[in-house]
Amino acid sequence: MSIDNKKKRAQLPFRINILFFAIFLMFSVLILQLGVVQILNGEAHQEEIERTNIDTTSVPVPRGKILDTNGNVIVDNKAMYSITYTPPKGVQAKDRLKLAKNLAEYIDMSQEDRLKRITDRDKREYYYLLNQDDVDERLDGLDTSEMDNADVYNHTLDLITEEEISDFSDDDMEIIAIKKELDKAYSLTPQVIKNEDVTAEEYATVAENLDRLPGINATTDWDRVYPYEDTLTSLLGSITSQEQGIPAEDVQAYLSKGYSRNDRVGKSGLEEQYEDFLRGRKEQIQYETRKDGTIVGTDTVVEGQRGKDLVLTIDMEFQEKVDEIVLDEFKDAKEKYPGPNQYLTNAFAVVMNPKTGELLAMSGVNYDKKEKEYNDAAFMALASAYEPGSSVKGASVLAGYESGAISPGQSFFDNPIRIASTPVKKSVRNLGYVNDYQALEKSSNVYMFYIALRMMGENRHPYPDNSSLNASWNEYNNALNDLQNYFNQFGLGASTGIDFPYESTGVRSNSAPNPGNVLDFTIGQYDTYTTLQLAQYVSTIANDGYRVQPHFLKQVHDPVASFDELGPVYYTKNTQVMNKIDMSQSEIERVQEGFRRVYSTGTASSYFNNADYTAAGKTGTAETSIYEDGKLLADTNSLSLVGYAPYDDPEVAFAIIVPHTGEGNGINNKIGRRILDAYFEVKEEQDEEEAVD
């Protein structure tokens, strides 16, 4: 054996020893590190592994009830079975698909309306989850480097063919419908999967199998019901569905108040106006979850409380009578005079307490020509404005007093006024000399025209035939502006302040193209007003010049366990005086007397002079025209009536507008008389019932 080979064999054990020593050192370091982790930091790491998160979510509660002034329930809640889903954090689409398949074994989601809501995208997402690997392979070779994840996903769905999603079975479609509802849920927030037509069997079966249905719960839900059916529904308003949730345009405002995106909220009418009272206090549940999203514990930290109950000023017994009266007289006019009244499509009435502003009834009817149906349109009494005609002459006379255009007791000769280059301005008939009382009693247009002329600085009387006005353009526009400002004090052309999400203030003209428009304004044939504005106007006169805010709300009550009882009073709506008109008491009393004469010996006397009560008010007729595409179709009249009773101590005031009549047949006066009769009849009956109790 050579010397070189002997040296090599001698070096081999040495190198192996070095290698083993190095390995020994490495294992020693590893063992040392494991010791440090387990002994020194083991507890901290174990805590990290077992660490849980605490999250709080809110569960909706039933809304408060709405009752009338006598405690009759107008809007209530109906309990119903409900299947809900509260997803943990981090739940994936495949998890929801699996859950949907399991849930489909226990509930029926094959209703036609649900299946119709399934979209093409819903089907594609379902197919993708079932065939994800196959569909993903279709992206091979495509450049997706400039796409974000959402774009890639959308493009992937587009690669699924119409044929592949066209032959789903009924079972598949039901699973898709369930998954569609599951997908809407937010983490730790209950989402209703089904709450309509949930059978007792479905409810019980789901409840028995909750261990197979993570996040699913069998509980109870509620829906709004209306014991008086369609009565007042256009004013009561509605709430959103859970699918609609909170309005997108106000989402941040609602979220800041503790709402969830799928909460049902008032979206119109009094449901919207008093959302803060009706919503209630949500139940707050604290969830304890692991890092993977698994829920390990729950705890109710705030007990839920249903919404507060509203008591309205409306008397439903009286409201139903007013609705019946308006509809009866409206149908009678339509049926007796179908030709002349072909453009008659609406009639409105508002009844209120002139001293407190409490709205006792608000009624409206709309005729649907296409469907030939009569529908509730009470909301239009505060949303639609019309020229009222002579019913506003009380405001014109008071404006004349205050502006100095006339003095109490002043007379004018009621004869046609012929202004150069202007259509003749006259009353229905020549009345001779009339004072302020008689101008209201007999409804003199000419008297009002002289008020307007004098406010323009034109003091000639009688007015010379075919003479030109001395007033400048600025003077008659200033007169119009002054008249409008006087009218605003009564609520005409201004907000009434009603507790409702929306009201029209009518159309206020910015200028008068000619002096004749200023004259027309004083007889209610220029600017437009709502029925509610007219009711506030006549209430202001009845209430000695104090304009009060009309309101639907009377009281708010805290909820109690018994749904049949009202809880303690939480809030009371008090009378709110908005302003006092700038006219003296003696001047207001002259208009009140003029209004009394209208009902006893004047234009409304044939309808009211034999009543058991003394009423006062003013009739009105405005000439209106119907145009279509710039072509005149018909000349019509808008009829109005305002009034109050008893004259010496008013407790009820009302306004009526019946626009676009061809043959009115006294419909405004008939409605007014029957409304006042109904008011005193209901009052007497209720007083007798209270006396017996």
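The following exercises, each with a worked solution, concern a predicted model.

**Exercise 1. Helix α5 and its surroundings**

Determine which residues of helix α5 are buried, and identify the helices against which they pack.

Solution.
Step 1. Helix α5 covers residues 120-130, and its buried residues are D122, R124, E125, Y126, Y127, Y128 and L129.
Step 2. These buried residues pack against α3 (93-103), α6 (132-137), α7 (149-158) and α8 (170-182).
Step 3. E125 also takes part in a salt bridge with R121, at 3.2 Å from N to O. Both residues belong to helix α5 and are four residues apart, about one turn of the helix.
Step 4. The two partners are then classified by accessibility. E125 has a relative accessible area of 16% and is therefore buried, the cut-off being under 20%. R121, at 39%, is partly exposed.

**Exercise 2. Strand β8 and its partners**

Describe how the side chains of strand β8 are directed, and state how β8 is joined to β2 and to β17.

Solution.
Step 1. In a regular strand, side chains alternate between the two faces of the sheet.
Step 2. In β8 (residues 309-312), D309 and V311 point one way, whereas L310 and L312 point the other way. All of these residues are buried.
Step 3. Strand β2 (residues 66-67) runs parallel to β8 and is joined to it by two bridges. L67 has V311 of β8 as its bridge partner.
Step 4. Strand β17 (residues 553-557) runs antiparallel to β8, with four bridges between them. Here V311 stands opposite Q555 of β17.

**Exercise 3. The six-stranded sheet**

Give the strand order of the open sheet of six strands, and locate the helix α22 that packs on it.

Solution.
Step 1. The order is β11-β10-β9-β22-β21-β20, and the pairing is antiparallel.
Step 2. The edges are formed by β11 (373-376) and β20 (616-628), each of which pairs on one side only.
Step 3. On average, neighbouring strands of this sheet are turned by 15° against each other, direction ignored.
Step 4. Within the sheet, β21 (residues 631-645) and β22 (residues 652-661) run antiparallel and are joined by eight bridges. Y644 has A653 in β22 as its bridge partner.
Step 5. Helix α22 (residues 585-600) packs on the sheet and touches β20, β21 and β22. The direction of α22 makes about 75° with that of β20.

**Exercise 4. Salt bridges and a surface patch**

Establish which parts of the chain are tied together by the salt bridge between D276 and K257, and then examine the pair K336 and D332.

Solution.
Step 1. The side chains of D276 and K257 meet at 3.9 Å, N to O. D276 lies in helix α13 (residues 275-278), and K257 lies in the loop between α11 (251-256) and α12 (269-273), so the pair ties together parts that are 19 residues apart in sequence.
Step 2. D276 is exposed, with a relative accessible area of 52%, while K257 is partly exposed at 47%.
Step 3. The closest N and O atoms of K336 and D332 are 3.6 Å apart. Because these two residues are four residues apart in helix α14 (residues 316-336), about one helical turn separates them. D332 is partly exposed, at 24% relative accessible area.
Step 4. A network of salt bridges links R63, R224, E271 and E275. The count for the model comes to 32 salt bridges.
Step 5. A nonpolar surface patch is formed by I23, F27, L30 and I31, with about 400 Å² of accessible area together. F27 is located in helix α1 (residues 3-40).

Note on methods: Residues are numbered from 1 along each chain as its sequence is written. This is a predicted model: local features need pLDDT of at least 70, side-chain atom pairs count only at pLDDT 80 or more; totals for chains, interfaces and linings use all residues. Side-chain values use heavy atoms; hydrogens and water are left out. Buried means under 20% relative accessible area, exposed over 50%, partly exposed in between (1.4 Å probe, protein chains only). Contact means heavy atoms within 4.5 Å. Two strands pair if DSSP finds at least two bridges between them. Axes are lines fitted to C-alpha atoms, for helices over the stretch in contact, and angles run from 0 to 180 degrees between N-to-C directions. Patches are made of residues with over 30% relative accessible area and no salt bridge: like charges are joined within 9 Å, nonpolar side chains (Val, Leu, Ile, Met, Phe, Trp, Tyr) within 5 Å. Accessible areas come from the Shrake-Rupley method with a 1.4 Å probe; for residues, only the protein chains shown count as cover. A salt bridge is a side-chain nitrogen of Lys or Arg within 4 Å of a carboxyl oxygen of Asp or Glu.
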